[in-house]
Amino acid sequence: MDKKKYYITTAIAYTSGKPHIGNTYEIVLADAIARYKRQKGYDVYFQTGTDEHGEKIELKAKEKGITPKEFVDNVATEIKRIWDVMNTSYDKFVRTTDPHHEKIVQKIFDKMYDNGDIYKGEYKGLYCTPCESFWTESQLVDGKCPDCGREVEEKKEEAYFFRLSKYQDKLVDYIENHPEFIQPESRKNEMLNNFIKPGLQDLCVSRTSFDWGVTVDIDPKHVVYVWLDALTNYITNIGYDPEGLSDDFKKWWPADLHVIGKDIVRFHTIYWPCFLWSLGLELPKKVFGHPWLLTNNDKIGKSRGNAIYADDLVDLFGVDAVRYYVLHEIPYANDGNLTYELLIERTNTDLANTLGNLVNRTISMANKYFDGVVTNKNVNESVDDELILMVNNLDKRLEDKMDKLEIGSAIEEIFEVLRRSNKYIDETTPWSLAKESDKKDRLETVLYNLLESIRVCAYHLRPFLTKTSDEIFKQLNIKDEKETFNPNNIYKDMKPEVLFARIDKEKKLKEIEDQVK
Ligand code: ME8
């Protein structure tokens, strides 16, 4: 039987600068979902990349005295490097400066123009001539240009518009009849009530005030509006062509999930559906507007000087501790917070104690009491039942949480089993059983149950803590990756090694402080 396909994307990051831990959270989140779906047997295609056009980038390049292309080449390389440092398993890293993407964007624009959804009109606004920028009334500071403080004047400029207004009723209807389309639900209500129902105005989709963009084919003094260019990355890179749909495109589209941040839900659930309808295409099945990661309960901003970068965190704590923190700590609908103190505490409590100690203690006991060879002696007591039941239900509980995109809660389900396993050690007290010669088989059964619990948890941890999962399997010296309790395994030649060293908080904080200086 053919595997079911699953097409997942992240937003494409702006190449205006190095991505901070908040931007990086998104790729890790999408990676966890992609890996989970692969593990569930789906044929997954996971796409990410960079959004490289626009006036801001043109200006930044100028400041640096390099071409925009040189500028975005440098930043895109850095972004890709960080995605790799985070051990993310994307299938394709796309860039909007890729000539193929640019060519298809031009064709998309032409198609929308030919079918009447794009028309030429006039853009009216308040213009600052020295800055070559249009502003809205509300952006002005004391009635003057917010950038240079000079007078602005009313100005008209020829521009192309997309008939967003035409799709308003269809969009309301669609969103109301597809409650799963926008996640979380609070975002859906926000879109409907604050943006769509009050009225959609036609959208200006071309610019003439700068050059760094995709040239409008039919009118080359214009460049395509950066969001039309950026959003279409989701189709141009899987073989969409207005002149004919490729097999790849037919296989992968519609996307199963767009993972994006809460600030750009508007673009993905208003503009994007209307663009797709204009092209006669289906809409993505789901758009997940994840909450934000704050640092010290504050918005992360490059200009605020409080940006924390993923690669620095990985140097300090290791990749899986960082993955664990962001995946576990950011709830499904509310913003999450990151501080060094909390990261240290979580690593110590959950990773070093709950997980690391359990693995280490269990393997050490198996080696000590049975020379490292443990099989199931089936000397069961009622205390085993709850543990085994939990181990066997884990797959189902995880699926339930993952389907709801509640990734933090999904990981928590695994840690519940790990905590239950630690409690099981306290309840069964293997060290006392070891003292009674007639309890040898019972002791072996207890250790077997623990090893199985660890194995199943390691299997389920794989999408989240990939390296740790590999490491546990190496220590257990076992290949079987069945997701439930297996009564017939043989554990032998196991090697306990420290998975996560306990961090000395004061020392680490001092190290961080010295680094920042
Ligand atoms: O928006 N916590 O790019 P971008 C979590 N190019 N996520 C955050 C965040 C935070 N503190 N700050 C930003 C763009 N993000 C466009 C996307 S898609 C066709 C074009 C998220 O580099 C943000 O919400 O500004 C977005 O989903 C992603 O990081 C990239 O942001």
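Leaving aside its neighbours within four places in sequence, with which residues is Leu476 in contact? In this predicted model, local features were considered at pLDDT of at least 70 and side-chain atom pairs at pLDDT 80 or more, whereas totals for chains, interfaces and linings use all residues. Residues are numbered from 1 along each chain as its sequence is written, and side-chain values use heavy atoms, with hydrogens and water left out.

Beyond that sequence window, Leu476 is in contact (heavy atoms within 4.5 Å) with Ile363, Leu451, Ile454, Arg455, Tyr491, Lys492 and Met494. Leu476 is also listed, together with residues including Ile8, Phe317 and Phe464, as having the most contacts inside the largest nonpolar core, which has 103 residues. Such a core is a set of buried Ala, Val, Leu, Ile, Met, Phe, Trp, Tyr and Cys residues joined through side-chain atoms within 4.5 Å, where buried means under 20% relative accessible area, with a 1.4 Å probe and protein chains only. Helix 17 (residues 440–461) contributes the largest share of this core, 12 residues; helices are DSSP runs of H or I of at least four residues, and strands are E runs of at least two, numbered from the N terminus. A second, separate core of 56 residues includes Met191, Leu200, Val205 and Ile270.

Leu171 lies in helix 5 (residues 168–177) and is buried, with a relative accessible area of 0%. Outside its neighbours within four places in sequence, Leu171 is in contact with residues that include Leu200, Ile270 and Pro273; the C-alpha atoms of Leu171 and Pro273 are separated by 7.7 Å, although the two residues are 102 residues apart along the chain.

Conventions. Buried < 20%, exposed > 50% of the residue type's maximum accessible area, 1.4 Å probe, protein only.
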